[in-house]
Amino acid sequence: KMVRGSRDKEKEPSSPADADRNLVSDILWAINKIKSQKQRPGDDQISRVVESRCGRPRKEILAALEAAGHSGRVVKVITRDRASYKDPRTTPVEKQTTSTGEWLW
């Protein structure tokens with residue numbers, strides 16, 4: 001029986017690429033969870049939620065978050081000198097920004 005909100009932790013990733021995909025998936029899940037609570041998904045909140053969900057170290061989560069921002073799998077928005085992150089699947093294309101906060105048109 002699965003507990004609500006739990007993940008299948010017995011399943012180990014077969015390669016580093018799978019582990020990276022799983023971590024990015026966890027990051028996107030955390031972003032959406034934080035947004036559903038009407039809060040701004042910053043790196044501290046995201047790392048806290050992902051760490052509690054899958055037990056990964058904070059440094060690894062922050063490195064994956066930064067890499068996902070550079071690769072476009074996560075949209076990084078800087079507003080008033082604070083970074084927050086968005087899920088590109090739920091952000092309209094005309095509102096997406098680059099990691100420097102510039103609008104993408």
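**Salt bridges and charge around helix α2**

Arg53 is buried, and so is Asp26. In this predicted model, the side chains of these two residues, Arg53 and Asp26, form a salt bridge with an N to O distance of 3.3 Å. Because Arg53 belongs to helix α2 and Asp26 to helix α1, the pair ties together parts that are 27 residues apart in sequence.

Helix α2 covers residues 43-54, twelve residues in total. From its first C-alpha to its last it reaches 16 Å, close to the 16 Å expected at 1.5 Å a residue. Besides Arg53, the buried residues of α2 include Gln45, Ile46, Ser47, Val49 and Val50. Just after α2, Gly55 adopts a positive phi of about 75°.

A second contact of α2 involves Asp44, which forms a salt bridge with Arg58; their closest N and O atoms are 2.8 Å apart. Arg58 lies in helix α3 (residues 58-71) and Asp44 in helix α2, so this pair ties together parts that are 14 residues apart in sequence. Arg58 is partly exposed, with a relative accessible area of 37%, and Asp44 is also partly exposed, at 38%.

Across the whole structure, a search finds six salt bridges. One of them joins the side chains of Arg89 and Asp87 at 2.8 Å, N to O. Here Arg89 counts as exposed, at 64% relative accessibility, whereas Asp87 counts as buried, at 3%.

Other charged residues contribute to the surface. Lys35, Lys38, Arg40, Arg80, Arg82 and Lys86 form a positive surface patch. Of these, Lys35 is found in helix α1 (residues 16-36) and is partly exposed, with a relative accessible area of 45%.

Note on methods:
Residues numbered from 1 in each chain as written. Predicted model: local features only at pLDDT ≥ 70, side-chain atom pairs only at ≥ 80, totals over all residues. Heavy atoms only, no water. Patch = residues over 30% accessible without salt bridge, like charges linked within 9 Å, V, L, I, M, F, W, Y side chains within 5 Å. Areas by Shrake-Rupley, 256 points an atom, 1.4 Å probe, with all protein chains shown as cover. Salt bridge = Lys/Arg side-chain N within 4 Å of Asp/Glu carboxyl O. Lys, Arg positive; Asp, Glu negative; His and termini not counted. Charge placed at Lys NZ, Arg CZ, Asp CG, Glu CD. Helix = DSSP H or I, 4+ residues; strand = E, 2+ residues; numbered from the N terminus. Buried < 20%, exposed > 50% of the residue type's maximum accessible area, 1.4 Å probe, protein only. Expected span 1.5 Å × (residues − 1).
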